[in-house]
Amino acid sequence: MLSTTLLPIIARYDEISDLLSRPEIVADVKQLTALSKEQSQIQEITQQARIYLATLESIQENKLLLEDKELSELAKEELKTLESTKTELEETLRVLLIPKDPNDDKNIYLELRAGTGGDEAGIFVGDLFRAYCRYADTKGWKVEIISSSENDVGGYKEIIALIKGSGVFSKLKFEGGTHRVQRVPQTESQGRIHTSAITVAIMPEVDDVEITINPNDLRIEVFRAGGHGGQCVNTTDSAVRITHIPTGISVSMQDEKSQHKNKDKAMKILKARIYEAQIAEQMAQNSQARKDQVGSGDRSERIRTYNYPQNRLTDHRINTTLYSLEEIMLSGNLDSIIDPLIAHAQSLALSAQE
């Protein structure tokens, strides 16, 4: 019974409220932070649970009134409303009871890379990155470019950014994969439509507690930066490449003039990539998780097509097509495709519980 599941959650919320009022907890920053975070995570379900239990109580009270000649008609009308409310609350609570992805509240590293299509792919890397930046603006998130490599026509071979804010991973976690674009390139003089592709990776930001790397497993190389840059480019060994020998995962960083800063940035991205690889391996070993997921985040998986001549955006995982591509890209209104993806993931999760 649903109420049996909800009662311990309410009890835990009340217990945390009591703990947070104690002086010894207030004085302990670590405990205070952990308890506040836990309470915040169950706050919404606790509020809905209280309403649900109160609704059940009201239903029982009105059922008793059905035997009262004077109040029976009023009770019947009230029961209709209460039963409808009960059904809506049960649907809401089932979604809230879906086990939460532990990464949902984390910041992310967003990595976009040009794939097939040459210069046009690089141009689309810039276009899609700007759309993500506009989307971040609508959410009040902050975007910090960590590393970028420009091509010769105003696009990017690769761009990596850190996006910070509330629930960033929960919103963008399904963006990983291959994004295909169909349009007439700026460099095309004959007006022919070209198909290009870029890859997107979404990696949760991790801290030292979540992933530990043995320094002996790292190969660190320094070299002179190349390409676009300031006076220090090609004059000092400021660029850094770090390779995690057991996995072969490698990160190069040269955007900063300081070797120390480049090493620090490279280590953070390396940890995120190793963490991402570990999650992918775990999911590959879990057949049910692989079956239920909306998308694996595998960069080889084509997830979406952006067709500019038809003003069409199609997400192939949920067979959803929107004819508002230009508006989505210019305004950053990605919720029109992200929300259906989240809803589909919730539906799969609910089906798995049945």
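**Exercise 1. Find Ala-121 in this predicted model and work out whether it is buried or exposed.**

Solution. Start with the address: Ala-121 is found in helix H5, which covers residues 119-139. Next, check the surface. The relative accessible area of Ala-121 is 0%, and buried means under 20%, so Ala-121 is buried.

Now look at who sits around it. Skipping the neighbours within four places in sequence, Ala-121 is in contact with Ala-114, Gly-115 and Thr-116, and also with Ser-196, Ala-197 and Ile-198. For one more distance, take Pro-185: it lies 64 residues from Ala-121 along the chain, yet their C-alpha atoms are separated by 9.4 Å.

**Exercise 2. Say which residues Glu-120 touches, and whether Glu-120 counts as buried or exposed.**

Solution. Glu-120 has its place in helix H5 too. Its relative accessibility is 5%, so Glu-120 counts as buried. Leaving out residues up to four places away in sequence, Glu-120 touches Arg-183, Pro-185, Gln-186 and Ser-196. Ser-196 also turns up in the contacts of Ala-121.

**Exercise 3. Explain why strand E5 can be called largely enclosed, and find its partner strands.**

Solution. Step one is a count. Strand E5 runs over residues 194-204, and 9 of its 11 residues are buried, so the rest of the structure largely encloses it.

Step two is pairing. A bit of background helps: strands of a sheet pair through backbone hydrogen bonds, in a parallel or an antiparallel way. Strand E1, residues 108-114, is joined to E5 by 7 bridges, and the two run antiparallel. Strand E4, residues 177-183, also pairs with E5 in the antiparallel sense, over 7 bridges.

Step three is to pick out individual pairs. Ala-114 stands opposite Ile-198 in E5. Arg-180 has Ala-197 of E5 as its bridge partner. If Ile-198 and Ala-197 sound familiar, that's because both are contacts of Ala-121.

**Exercise 4. Put strands E6, E7 and E8 in order and name the edge strands.**

Solution. The order is E6-E7-E8, an open sheet of 3 strands with antiparallel pairing. The edges are E6 (218-223) and E8 (249-253), each of which pairs on one side only. On average, neighbouring strands of this sheet are turned by 15° against each other, direction ignored. Zoom in on one pairing: E6 and E7 (residues 239-244) are matched over 6 bridges, and Leu-218 has His-244 in E7 as its bridge partner.

**Exercise 5. Check whether the span of helix H1 fits its number of residues, then find what covers its buried side chains' residues.**

Solution. H1 takes in residues 2-20, which is 19 residues. At 1.5 Å a residue, the helix should span 27 Å; its end C-alpha atoms are 28 Å apart, so the two agree.

For the cover, list the buried residues: Leu-2, Ser-3, Leu-6, Ile-9, Ile-10, Tyr-13, Ile-16, Leu-19 and Leu-20. What covers them includes helices H2 (23-26), H3 (29-65) and H4 (72-96).

**Exercise 6. Work out how H3 is oriented against H1 and against H4.**

Solution. Two packed helices are described by the angle between their axes and by the distance between the axes. Take H1 and H3 to begin with: their axes come within 8 Å and cross at roughly 135°. H1 and H3 are therefore oblique to each other, and their crossing is left-handed.

Then take H3 and H4. These axes come within 9 Å and cross at roughly 155°. An angle over 145 degrees counts as roughly antiparallel, so that is the label for H3 and H4. H3 passes H4 in a left-handed crossing.

**Exercise 7. Compare Asn-311 and Asn-319: where do they sit, and what is the sign of phi?**

Solution. Asn-311 sits in the loop between strand E9 (302-307) and strand E10 (312-315). Its phi is positive, about 50°, although Asn-311 is not a glycine. Asn-319 lies in the loop between E10 and strand E11 (320-322), and its phi is positive as well, near 50°. As for accessibility, Asn-311 has 26% and so counts as partly exposed, while Asn-319 has 69% and so counts as exposed.

Methods:
Residues numbered from 1 in each chain as written. Predicted model: local features only at pLDDT ≥ 70, side-chain atom pairs only at ≥ 80, totals over all residues. Heavy atoms only, no water. Helix = DSSP H or I, 4+ residues; strand = E, 2+ residues; numbered from the N terminus. Expected span 1.5 Å × (residues − 1). Buried < 20%, exposed > 50% of the residue type's maximum accessible area, 1.4 Å probe, protein only. Contact = heavy atoms within 4.5 Å. Pairing = 2+ DSSP bridges. Axes fitted to C-alpha atoms, helices over the stretch in contact; angles between N-to-C directions. Parallel < 35°, antiparallel > 145°, perpendicular 65-115°, else oblique. Left-handed = near helix turned anticlockwise from the far one by under 90°.
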